[in-house]
Amino acid sequence: MKFLQTPIGPVDHIDLLTVRLPFIQPFAISSYAWSCKEALLLRVEAEGLVGWGECVADPDPFYAPETTGSCRYIIEKFLLPLLEPGMTLGDLSERMHKLRGNQMARATFENAVIDLLAKQQGLRLYEFLGLPEKKIMSGISLGLQESPDKLVQAVQEAIAKGYHRVKMKVKQGQDVEWVAAVRQRFPDIPLMVDANGDYTLADGSRLAGLDAFGLMMIEQPLSYSDIFQHSLLQRRLQTPLCLDESIHSLEDAETALALGACRIINIKQGRVGGLIESLRMAELAAAAGVPVWSGGMDETGIGRAVNIHLQTAAGFTLPGDTSETSRYFHEDIADPPVVLDGEGYIAIPPGPGIGVEVPADRLARYTIQQERLYSRKG
Ligand code: OSB
Ligand code: MG
């Protein structure tokens, strides 16, 4: 990773914004339902160039322990003070690694700095990371639906759009029969489920009932903090397990692979502390012959762009959860929006750095709080 040697120059301003964008429809998983996207945005400015970092933490701890509140605190008190002019990106990354946990906060800061450095070099993010250009496969994550009919309808729309695979959320009491309804109508589509930790090992036979449907994988069936029990479950199932919530670092990925707790890993750059850790994990998985894919946190166009660039890395051989902007938002804060081409692929956004722009009027419309955390001139 040669880009780790890039020196970080002086920064003029650092601002932390909170944005709130209404969802077109609520997004429900087994543990919670969100009706809007509320996120922290970190804006790092130097000589007129702006690096953006979107924090994937929610205001609540129902997907992960981190929250917008905890991330704000960690960024301000423990991350920004690490920055010293003249240090390299690798130095900063090493210092950030001394913080325990708080991966979402770390990713926010790292992403903003990397975006700024790429823009200063006039490089697109994937180029800065030393990755090759490629078209990105698309996938959609359908939240829990009101009825099997509505679910089948939503799958129908996703397939018509050209998505390369469909993920459906499941939970206790809303699983096998719902998957059966989709499979009956679409026997061959690449299909997977995500339980967001709603089951225990005692539900093993229920989960084994999913083996009949030729799913690509079952994502995070057991607790958000478990790896070992997933390894016991995996032995009882034919369907590959995929871990999301319980993987926060390269070491977690090593543990999961060593135990056989999953055969696929969902890499969310925001959940694992950023792009650098994500690339290490992708390398580890590729060496082990384990496919990875990029998850999403229903990000605005800023985080979505980062996820797109990341998927140019080797190892990302499965479609991720990057879906079109228009299925979440009437209007996003970033341009251009994510759209699928005629074959269901996603293009890498065109500009330097993350490649999307954040028009000031658009941003102002959705900003509910803003704070200057640092200014060089006092
Ligand atoms: O488990 O992958 C998940 C959204 C919020 C919290 C957790 C998850 C998700 C998604 C949506 O599945 C992915 C996306 O469309 O960005
Ligand atoms: Mg998931």
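Me: Which residues are the closest to ligand 1?
Reply: Keep in mind that this is a predicted model. In it, 16 residues surround ligand 1. The closest of these are S141, D194, N196, D298 and Y328.

Me: What is the distance between a polar side-chain atom of Y328 and an oxygen atom of ligand 1?
Reply: Y328 is among the closest residues to ligand 1. Its side chain puts a polar atom by a ligand oxygen, and the distance between the two is 2.6 Å.

Me: How much of ligand 1 does the protein bury?
Reply: Besides the Y328 contact at 2.6 Å, a polar side-chain atom of D194 lies 2.9 Å from an oxygen atom of the ligand, and for an N or O atom in the D244 side chain the figure is 3.1 Å. Taken alone, ligand 1 exposes 390 Å². Of that area, the protein buries 99%.

Me: Where does ligand 1 sit?
Reply: With the protein burying 99% of the ligand's area, the next thing to look up is the space around it. Ligand 1 is placed in the largest cavity.

Me: Which protein donors does the magnesium ion (ligand 2) have?
Reply: Look for oxygens lying 2.1 to 2.3 Å from the ion. They come from two Asp side chains and one Glu side chain: D194 (OD), E219 (OE) and D244 (OD).

Me: What spacing do the donors of the magnesium ion follow along the chain?
Reply: The donors are D194, E219 and D244. E219 is in strand β7 (residues 218–219), while D244 is in the loop between β8 (241–243) and α9 (250–259), 25 residues apart. Written as a pattern, the donor spacing is D-x24-E-x24-D.

Me: Are E219 and D244 buried or exposed?
Reply: Both residues donate to the magnesium ion. The cut-off to use is under 20% relative accessible area for buried and over 50% for exposed. E219 and D244 both come out as buried.

Me: Why does Q220 count as buried?
Reply: Q220 is in the loop between β7 and α8 (228–236), and its phi is near 40°, a positive value in a residue other than glycine. Buried means under 20% relative accessible area. Q220 makes that cut because its relative accessibility is 0%.

Me: Why does E47 count as exposed?
Reply: E47 also has a positive phi without being glycine, near 45°, and is in the loop between β2 (32–46) and β3 (49–54). Exposed means over 50%. E47 qualifies because its relative accessibility is 71%.

Me: What is omega for the peptide bond from D335 to P336?
Reply: P336 is in the loop between α11 (301–310) and α12 (360–366). The bond leading into this proline from D335 is cis, with omega near -5°.

Note on methods:
Residues are numbered from 1 along each chain as its sequence is written. Chains are lettered from A and ligands numbered from 1 in the order in which they are written. This is a predicted model: local features need pLDDT of at least 70, side-chain atom pairs count only at pLDDT 80 or more; totals for chains, interfaces and linings use all residues. Side-chain values use heavy atoms; hydrogens and water are left out. Donors are N, O and S atoms within 2.8 Å of the metal (3.2 Å for Na, K and Ca); water is not among the atoms, so sites may look incomplete. Helices (H or I, at least four residues) and strands (E, at least two) are DSSP runs, numbered from the N terminus. Buried means under 20% relative accessible area, exposed over 50%, partly exposed in between (1.4 Å probe, protein chains only). A residue is near a molecule or strand if one of its heavy atoms lies within 4 Å of it. A polar contact is a pair of N or O atoms within 3.5 Å; within protein, one must be able to donate a hydrogen and the other to accept it, and residues adjacent in sequence count only if both atoms are side-chain atoms. Accessible areas come from the Shrake-Rupley method with a 1.4 Å probe; for residues, only the protein chains shown count as cover. On a 1 Å grid over the protein atoms alone, a cavity is a set of points where a 1.4 Å probe fits but cannot get out, and a pocket is an open set with protein on both sides within 12 Å along at least five of seven lines; lining residues have an atom within 4 Å of a point. A molecule sits in a cavity or pocket if more than half of its atoms lie within 2 Å of its grid points.
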